[in-house]
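Q: I am new to this structure and would like a close look at one part of it, with the rest used to place that part in its surroundings. Please explain each term with its cut-offs when it comes up.

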Amino acid sequence: MIAGRVGVRATATQRSAWDALSVRDADGVELYSQSFDGPDALDTFLLPEPAPLVGAAAWPKGATSTDALIDLTDEARASGTWTAPGGQWHVALFPLRELAQNADPTRNYLNLLDDEAVDLFLDTVPGEYVRRFPWAVGTVLRGFADDEPFLASADSRPLNALPWSTTLEQELDRLGARPGPALAAALTGLGADGEALRGTYWRAVSNRYAAAYYRRQGAWMAKRGLRFISNPLWDEYGPAEQIRSSGNLNTSNQWAQIPGTDLIADHYRRGYHRTLSRWPASTAHQLGKERVYLEAMGATGWSVTPALTREVVGAFAVRGVNHTLLHASFSNEKQIVFPPPFQPVNPWWDHSQPLNDWIGRLMEACRAPARPHTALLQPQRAAETYQDTSRAEQLDKDFTAAAHALEDSQIDFDFLDEGALDDDPALRATARPDGTHLVVGHQRYRAVVLPRTPLLALGTAKTLRRFARGGGTVVVVGDLPARESGGDHAGLRRALDGLFAERSAHRVTDATAAATAVVSAGCAAATVSPHTDDVRVMRLDYGPDTAFVVTNEHDAAVRTTLTFPVAGTPEIWDPGTGAVTPAGVWRPAPFPGRRADGTAVDVRIEARATLLVVVRATGRQPLHATSSSAPVQQIRTAPHGALAVVVVDEPGTVTVAATDGRRTFEGSTEVTDPLTSVPLDGDWTFRFDREGAESRSLPLGSWTEQDARHSGTADYEKTFQLDAKALAGRRWTLDLGDVRDVARVSVNGKALDPLLWTPYRTDITDALRPGLNTLQVRVTNTGANERGETLASGLIGPVTLRPTRTTEVPLRRK
C-alpha cells in the first residue's frame with residue numbers, strides 16, 4: 001500500500017471479487033478498509049492530481065520550421081521558469097494522464113508501451129491459465145489469440161490522447177529526438193522539418209509498441225511452449241491510417257508465432273479482404289512462419305450462408321491465410337453478440353460438415369511456403385511523416401491501388417517495409433541484394449514495386465539501386481520522391497538518378513502500368529486467357545513441385561486457360577471433395593518474361609470457388625490432351641495410336657488432340673445422342689418443417705411468399721418418369737438452380753451429400769430407376785428471417801435433370 005492506495009490481485013484459486021476488503025500490516029493494524037457500499041468507494045482507485053509533465057516546447061507564432069522550436073522539457077519537469085523573447089509565442093505543455101483516469105470503460109486499459117505493465121498483464125491473464133491448468137499447456141491450451149489491441153491515439157476509441165510512456169522517451173532519444181519538440185510536432189504544423197520530427201515521434205511509438213507489447217508476448221509464449229496469434233486493430237487500412245491505432249504492423253506481427261487478422265462486419269463487401277491478410281502473410285513469408293491466421297465472419301450477421309463463408313475463406317487463402325477459425329463458435333447460444341454463430345442455434349449449422357471439410361482441406365493444402373517473386377514496398381517513413389495531413393490519405397490510396405493492380409494481373413506479392421532496405425533495427429528481417437534477387441529473410445524477390453510516395457529513406461533508394469544493378473526489376477510509380485526522410489534530399493536525388501541508370505529500373509505513370517511491367521519481367525504467378533481481373537493466383541513451394549492456389553472472385557463460372565511459369569505435369573486438387581485428378585487439357589506454352597516454357601492448363605472454375613493446380617516436376621511428358629472440344633476424362637494408348645475418353649452433354653462433333661512429348665495424335669467422333677435435359681417444372685409438394693404445418697402444392701419460388709419470418713427448413717417433393725432407354729449409357733445430374741441456402745437431396749429414398757453452394761448440382765444416376773422416381777429436397781435457410789430480415793429462402797429453381805454421356809474418341813498419330 002502506497003500513499004493511501006491499495007492494489008489487490010487474485011491468483012489461481014483465490015477469490016477475485018469481494019463484498020468488503022481490509023488490509024492490515026504485520027502487527028495487525030488496519031491500513032485500509034472498504035465495504036464498497038457507496039459511490040465514494042470508487043475514489044480509492046483514482047490516481048492523484050495534478051498529473052506530472054512529460055514534455056514542453058515553445059515556438060514563435062507563424063513559425064514554419066523547427067529551427068525556432070525551443071525544448072522546455074527540462075524546465076517544465078523541474079518546475080522551472082522560462083522567459084519568452086519578444087513577440088507572440090505558442091507554448092505547449094504535455095501533462096501525463098493515466099489511462100485509469102478516464103471515466104469510460106477504457107479506464108482499465110493497459111499502457112501497451114510499457115514493459116512492466118505488459119509483464120503484469122501477461123502474468124495476470126495468460127499466466128493465470130498456465131497456473132490453473134498446467135496439465136493443458138501445449139496440448140489443449142496451445143496458445144492465445146489477441147483481439148485488436150490499440151494505442152491511446154486510436155481512431156474510433158475514446159482515449160483520444162498521444163501515446164506516452166517513460167520507455168517512449170528512451171526510444172525517442174535513440175532516434176535523436178526530445179519529448180517536448182516531438183510531441184509538439186505531432187500536434188502542430190512546423191513545415192517540412194516539423195513533419196519529419198512528427199514522423200520520428202510516430203516511428204518511436206510504433207517501435208515501442210512492438211517491443212513492449214508484441215515482442216514480450218511472443219517471448220512469454222515461446223518460453224512456455226505456447227503460441228501467440230496477433231490480430232491488430234484497423235489492419236484493413238493502409239499503412240498511414242494504421243499508425244495512430246496499431247503502429248507499424250510489420251514491426252508488430254513479426255513477434256507473433258502466428259501472425260493473424262480478422263474479417264468482421266461489412267469488411268468483405270467493402271473489399272478490405274484484398275489487403276487484410278497480406279500484412280500477416282507477408283511477415284510470415286519473410287520470417288519462415290508456417291501459419292497465417294484468420295478469425296472469420298465475426299459480426300457479419302445472421303444472413304451469412306455457407307456459400308459466403310466458403311467465398312470469404314477462399315479469398316483469404318489465395319492471399320496467404322492457412323489457419324481459419326470461424327467466429328462465435330463457442331459463445332453462449334442464448335446471447336449471440338456477434339452473429340452468425342457457427343453452432344446449432346444457426347439453422348444450417350447441423351448440415352455444414354462439407355463446409356468444415358472444405359476449409360480444413362484448403363487450409364492444410366496451403367501450409368506449404370508461399371514463394372511470391374514480387375514485393376510491394378511500403379513507404380513507412382512517409383506514412384509516419386505525413387500523419388494528420390491530406391498526404392497520408394493519398395499515400396494509402398496509392399499504396400492500395402498498387403496492391404489491387406498487382407493482384408488483378410495474377411501477380412502474387414508480399415508487402416515489404418522500406419525499413420528492411422534501410423537496415424531498420426526494429427525489423428527482424430532486412431533486405432540484401434543477391435544478383436537478380438532481393439533477399440528478405442526466407443524470401444527471394446525478383447521485382448520490387450514502389451508506389452507513388454513523396455518521401456523515401458536514402459538507404460532504401462541505395463538498396464534499390466544495388467538490386468537493379470544486379471539485374472533485379474524495380475518499378476517506380478508516378479513522380480519520384482523529392483524528400484528524404486532524414487533531410488538529405490540531394491543525396492536522395494543522386495541515388496534515384498543512379499537507380500534509373502540501370503536497365504532493369506522502370507518509371508511508370510500508374511499502378512496498372514506497374515503491374516504490366518512486373519508481368520513483362522516474368523514475375524506473375526500465372527497469366528489468364530482470356531484475361532479477367534477476377535482470378536487470383538498464389539504459388540506455393542511443394543519441394544520439387546509447385547502448387548498454385550486459384551480463386552475465381554467472379555459471380556459466374558469462368559472457362560479459361562491458366563499459364564503457369566513452371567514446366568511439368570499438372571494436377572487439379574479440389575478442396576470440396578479432396579479429389580486429385582490429372583488436368584484434362586494442358587500443354588507447354590511460352591510465359592511472359594521467361595526464356596523457358598511454362599505450362600498452360602485449360603480449366604473451368606465455378607463462381608466464387610477455389611482450387612489448386614499442382615505442377616509436378618516430371619521429366620518426360622505423359623500422354624495427355626493438348627486441346628479438346630469436350631472435357632477429357634482420360635487418355636490412354638491404343639493399338640493404333642491413342643484413345644481419349646470425354647464427357648459430352650450435347651450432340652455434335654468432338655475433336656481431341658494429344659501428345660506424349662515426342663508424338664502427336666488427333667481424332668474426332670460424332671455424338672448423335674440428343675442428350676435432352678428434363679425440366680422438373682410445375683407444382684411441387686411443399687411443407688414447412690414445423691409442428692402443425694400442412695402440405696400444399698405450389699410452384700417453386702421463395703417461401704417468404706408463404707411466411708416471411710420462417711427460419712429453418714422446408715420440404716419439397718416431386719415425381720418424374722425416366723424410361724430404361726433414357727437411363728442407358730448416361731449419367732444424370734440434378735441441377736437445383738437457385739437455392740437459398742442449403743439443400744439435402746434424396747432420390748427414391750437414397751440420401752445424397754448436402755449441397756451448400758453454387759452450383760447446386762449432384763449426380764443422381766445410381767439412385768434412379770426405370771419408371772417413376774421420387775425426388776425430395778430439404779432446404780434450410782439462415783437465421784435472418786425470424787429476426788426481421790426478409791431474405792429469399794427455399795428452393796427457387798429452376799430444377800433440371802441434365803444427361804451426359806462418356807464417349808471414346810480414337811486418336812491417330814499425326
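A: Arg381 is a good place to start: this residue is buried, with a relative accessible area of 5%, where buried means under 20% relative accessible area, exposed means over 50%, and partly exposed lies in between (1.4 Å probe, protein chains only). The model is a predicted one, in which local features need pLDDT of at least 70 and side-chain atom pairs count only at pLDDT 80 or more, while totals for chains, interfaces and linings use all residues. Residues are numbered from 1 along each chain as its sequence is written, and side-chain values use heavy atoms, with hydrogens and water left out.

Arg381 is joined to Asp424 by a salt bridge, with the closest N and O atoms 3.7 Å apart; the term stands for a side-chain nitrogen of Lys or Arg within 4 Å of a carboxyl oxygen of Asp or Glu. Since Arg381 sits in helix 13 (residues 380-385) and Asp424 in the loop between strand 12 (413-417) and strand 13 (431-434), the pair ties together parts that are 43 residues apart in sequence. Helices (H or I, at least four residues) and strands (E, at least two) are DSSP runs, numbered from the N terminus. Asp424 is buried as well, at 2% relative accessibility. As a general point, side chains of opposite charge can pair when their charged atoms come close.

Strand 13 also leads to a second pair, because Asp434 lies in that strand. Asp434 forms a salt bridge with Arg444, and here the closest N and O atoms are 3.2 Å apart. Arg444 belongs to strand 15 (residues 443-445), so this bridge ties together parts that are ten residues apart in sequence. Asp434 is partly exposed at 32% relative accessibility, and Arg444 is partly exposed too, at 39%. Salt bridges that share partners also build one network out of Arg274, Arg278, Arg319, Glu407, Asp408, Arg536 and Glu553.

A third pair lies within a single helix: Glu393 and Lys397 meet through their side chains in a salt bridge of 3.6 Å, N to O. Both belong to helix 14 (residues 390-408), where they stand four residues apart, which means that about one helical turn separates them. Lys397 is partly exposed, with a relative accessible area of 48%. Counted by the rule already given, the salt bridges come to 55.

It helps to set these pairs against the whole protein chain, whose secondary structure comes to 18 helices and 46 strands. Its C-alpha trace spans about 105 × 75 × 50 Å along the principal axes, and 53% of its 814 residues count as buried. Of the contacts (heavy atoms within 4.5 Å) between residues at least 6 apart in sequence, 74% join residues at least 24 apart. The chain exposes about 35500 Å², with carbon and sulfur atoms supplying 49% of that area; accessible areas come from the Shrake-Rupley method with a 1.4 Å probe, and for residues only the protein chains shown count as cover.

Charge also appears outside the bridges. Lys and Arg count as positive and Asp and Glu as negative, leaving out His and the chain ends, and each charge is placed at NZ of Lys, CZ of Arg, CG of Asp or CD of Glu. On this basis, the mean positions of the 85 positive and 98 negative charges are 7 Å apart. On the surface, a patch of positive charge gathers Lys462, Arg466, Arg493 and Arg494. Helix 15 (458-469) and helix 16 (489-499) are the elements that give two or more residues to this positive patch. Arg494, found in helix 16, counts as exposed at 56% relative accessibility. Patches are made of residues with over 30% relative accessible area and no salt bridge, joining like charges within 9 Å and nonpolar side chains (Val, Leu, Ile, Met, Phe, Trp, Tyr) within 5 Å.

A nonpolar patch of the surface, about 560 Å² in area, is made by Val125, Tyr129, Phe133, Trp135 and Val140. Among them, Tyr129 lies in helix 3 (residues 126-132) and is partly exposed, with a relative accessible area of 42%.
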